[in-house]
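Visitor: I'm new to this one and would like a close look at a single part. Could you start there and then show me what surrounds it?

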Amino acid sequence: MTTVLVAGPDGELRTDCLPGESWAAAAGRLAGDQAPLLQPVDLSGPDRRFAVCPDWRVQLRRATTGDLGDLVRWRQQPHVARWWHADGEPTAERVHAQYLPEIEGGTPTTLSIIEVNGRSIGFLQDYPLAAYPEYALLTPEPDAIGLDYAIGQAEWTGRGFGVMALWAWVAECRRRFPQAPSAFAAPDHRNRASLRMLAKAGFVEGTWFDDPDGSTVVGCSLSLPQAR
């Protein structure tokens with residue numbers, strides 16, 4: 001039995017998920033008319049913790065060519081460049097060449113911008129794993145939706161916004177890919193911050209494997225029907 005907790009202005013409420021009920025639905029049942037303000041706090045334990053957060057609105061929007069300057073700047077930040085080195089030196093020319101096809105819809109990958117209260121702070125890209133067969137073969141569920149992400153603004157890291165962004169993406173993913181069984185991310189095994197963020201968003205660590213770029217990564221999965 002999964003227990004869901006919701007912290008709000010009047011204290012903390014608790015409930016068990018009903019048969020077939022997702023964590024989000026159970027949290028929304030507790031929150032009532034404040035459900036639109038719910039954000040995940042820590043979904044890694046047997047008690048899935050949410051909170052009513054009226055001060056922060058975290059959302060995703062599709063990237064445009066106007067975001068290319070931010071993408072270059074974010075990719076050049078040391079805390080991002082360390083984990084994206086396989087894509088090469090993040091020069092403006094290289095970053096534009098990589099992301100412009102995604103912005104224009106020329107690849108199976110969709111590029112989104114993470115916003116907090118309307119301010120752009122990072123990016124997220126997703127793709128059906130089946131669209132990249134050489135990668136899908138390495139994963140437990142080839143029909144899953146893969147994702148990569150980065151909080152590009154260093155001052156916004158470590159404050160829970162990455163978890164909120166992943167949760168906003170999960171809600172969107174369920175609408176865009178209603179038949180997808182799960183979401184899948186595979187950060188470098190040394191990237192403890194990313195692994196903590198995924199765990200707090202409800203992802204579960206699985207198999208370690210060697211990425212095609214040569215790094216050792218940890219496959220992390222989230223059941224989309226269970227979460228949303």
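In which loop does Asn-117 lie?

Guide: Asn-117 lies in the loop between β6 and β7. Before we go further, keep in mind that you're looking at a predicted model. The chain averages a pLDDT of 94, and 100% of the residues score at least 70. Among the elements of the chain, β6 has the highest mean pLDDT, 98, while helix α5 (residues 133-136) has the lowest, 82.

Back to your loop. Asn-117 has a positive phi of about 50°, although it is not a glycine. Most residues other than glycine have a negative phi. How covered is Asn-117? Its relative accessible area is 44%, and because partly exposed covers the range between 20% and 50%, Asn-117 counts as partly exposed.

Now follow the chain out of the loop on both sides. Strand β6 takes in residues 110-116 and strand β7 residues 119-128, and the two pair in the antiparallel sense over seven bridges. To see one of these pairings, find Leu-111: its bridge partner in β7 is Gln-125. Helix α2 (residues 68-76) packs on the sheet here, touching both β6 and β7. The direction of α2 makes about 90° with that of β7.

Let's step back to the sheet itself. It is an open sheet of seven strands with mixed pairing, in the order β5-β6-β7-β8-β9-β11-β10. At its edges stand β5 (58-62) and β10 (204-210); each has a single partner strand, so one side of each is left without a neighbour in the sheet. From one strand to the next, the twist averages 30°.

Walk along that order to the β10 end. Strand β9 (residues 182-185) and β11 run antiparallel, joined by four bridges. Ala-185, for instance, has Cys-220 as its bridge partner in β11. On to the edge strand: β10 and β11 also pair in the antiparallel sense, over five bridges, and one pairing there puts Asp-210 with Thr-216 in β11. These two strands form a hairpin with five residues between them. There's a positive phi in this turn as well, about 100°, at Gly-214.

Two residues make good stopping points at this end. One is Thr-207, which lies in strand β10. At 57% relative accessibility, Thr-207 counts as exposed, because exposed means over 50%. Leaving aside neighbours within four places in sequence, Thr-207 is in contact with Val-217, Val-218 and Gly-219. For a sense of distance, Thr-207 and Arg-57 are 150 residues apart in sequence and 34 Å apart in space, C-alpha to C-alpha.

The other stop is Ser-223, in strand β11 (residues 216-223). With a relative accessible area of 31%, Ser-223 is partly exposed. Apart from neighbours within four places in sequence, Ser-223 is in contact with Pro-181 and Ser-182. Its C-alpha is 6.7 Å from that of Ala-183, although 40 residues separate Ser-223 and Ala-183 in sequence.

Ala-183 is a handy link to the inside of the model, since Trp-169 touches it. Besides Ala-183, the residues that Trp-169 touches include Leu-60, Leu-124 and Leu-147, not counting residues up to four places away in sequence. Trp-169 is also one of the residues with the most contacts inside the largest nonpolar core, together with Trp-23, Phe-50 and Leu-147. That core has 47 residues, and helix α6 (residues 161-176) gives the largest share, nine residues. A second, separate core has 14 residues, including Trp-74, Val-95, Leu-111 and Ala-150. In soluble globular proteins, nonpolar side chains tend to be buried together.

Have a look at α6 too. Of its 16 residues, 13 are buried, so the helix is mostly covered. From its first C-alpha to its last, α6 reaches 22 Å, close to the 22 Å expected at 1.5 Å a residue.

One last detour, by way of Phe-50. Phe-50 is in β4, where it stands opposite Pro-40. Strand β3 (residues 38-42) and strand β4 (residues 47-52) run antiparallel and are joined by four bridges. They form a hairpin with four residues between them. From here you can go back to Asn-117, in the loop between β6 and β7 where we began.

Conventions. Residues numbered from 1 in each chain as written. Predicted model: local features only at pLDDT ≥ 70, side-chain atom pairs only at ≥ 80, totals over all residues. Heavy atoms only, no water. Pairing = 2+ DSSP bridges. Axes fitted to C-alpha atoms, helices over the stretch in contact; angles between N-to-C directions. Contact = heavy atoms within 4.5 Å. Core = buried A, V, L, I, M, F, W, Y, C linked by side-chain atoms within 4.5 Å. Buried < 20%, exposed > 50% of the residue type's maximum accessible area, 1.4 Å probe, protein only. Expected span 1.5 Å × (residues − 1). pLDDT = per-residue confidence, 0-100.
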